[in-house]
Amino acid sequence: MSNVFDNQPLAGSLLAGIPHAAALGLHIVRIETGKVTCRVPFAAHLIGNPDTRVIHGGVITALLDNTCGIAVGSRTMLRGQIATLDLRIDYMKQATPDEDILAFAECFKVTRNIAFARGVAYQTDQADPVATCAAAFMLGTKSSPGRQPPGTGGA
Amino acid sequence: MDILRRAIAEGRKPDLRELVEAIPYCRFLGVETDLKGNELTTILRFSDRLIGNPILPALHGGVVGAFLEITAVIQLMLETDSEELPKPVDIGIDYLRSGRPVDTFARATVTKHGRRVCNVRAEAWQEDHARPIAALHGHFLVKPIEPGAVRGE
């Protein structure tokens, strides 16, 4: 897997100007075409339960959604024309407080209109996930529907 | 949570405004509650940091999902006597329209109230309730007060 530092222009353009990603402190750790790892640093304003200091499930939702979106963007090279259609998340266990959360996502299928991705949120070990997700994304906008098929065309 | 334990001990429903204020992430998003009788509407106050697509502009999908999840949890707090916040087991979010940069509202219904797990549906809208921007369905683990536990003291 190539590191983000080998792919700075790609990594930069995929997250640039997303205010909510900035508000979460979300950044790309590693990236290659269709495969991305992102990190959200632990922060007090992300706590969902003040008794346990566990991070809110919504942070994981946003992290997985964004990481899957970046994975789709890195494969389709579309910018700002990717909309989440549906997102399904299974929560496996509560996150450990005071530790960062990472997410790995992979875009595993792209058709003319839709891209499919799956992801996993974890802290120290990807095999011991906090949550997993499956997502579908709509590609293109009203004015420019779908993906420009590179030669062969999509499904 | 302390707020929930106190409410149960006093034999009343928790103060939702106090509850939301006590959760840092709810404050960060800008979630408010509006309770009329037993009907709860949650409000997500728009702010620039909720944007996920600055070109359209549109709300971040994760923000809309988190808002629906919070709505489901608060609805469960209203309908269950629990000392702890319900924990999400799984959620599915359907994105129906892009979220415009304005305030968003949501309501949730507890479809099935099990002893350990509840099934909840929630819907978010903006200007027009008949045109929802997203819908959630999910399962949440609830921890009811143990039978025989001290109540109403």
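**View 1. Helix H4 of chain B is largely enclosed by the rest of the structure, because 16 of its 19 residues are buried (20 or more other C-beta atoms, placed from the backbone, within 10 Å of a residue's own).** In this predicted model, local features need pLDDT of at least 70 and side-chain atom pairs count only at pLDDT 80 or more, while totals for chains, interfaces and linings use all residues. Residues are numbered from 1 along each chain as its sequence is written, chains are lettered from A, and ligands are numbered from 1 in the order written. From first C-alpha to last, H4(B) reaches 27 Å, close to the 27 Å expected at 1.5 Å a residue (1.5 Å times one less than the number of residues). Helices (H or I, at least four residues) and strands (E, at least two) are DSSP runs numbered from the N terminus.

**View 2. The contact between chains A and B takes 32 residues from each chain (C-beta atoms, placed from the backbone, within 7 Å).** Chain B contributes two or more residues from each of H3 (24–29), S3 (51–53), H4 (61–79) and S5 (87–95). S5(B) gives the largest share, 8 residues.

**View 3. Strand S5 (residues 82–91) of chain A runs antiparallel to S5(B), joined by 5 bridges (strands pair at two or more DSSP bridges).** Leu87(A) stands opposite Ile93(B) in S5(B).

**View 4. Chain A averages a pLDDT (the predictor's confidence in each residue, from 0 to 100) of 86, and 80% of its residues score at least 70.** Among its elements, H1 (residues 8–15) has the lowest mean, 64, and S7 (residues 114–122) the highest, 98. Over residues 150–155 of chain A the pLDDT is below 50. Where pLDDT is low, the predicted coordinates should not be read in detail.

How values were computed. Two residues are in contact if their C-beta atoms, placed from the backbone, lie within 7 Å. A residue is buried if 20 or more other C-beta atoms lie within 10 Å of its own, exposed if 12 or fewer, and partly exposed in between; C-beta atoms are placed from the backbone.
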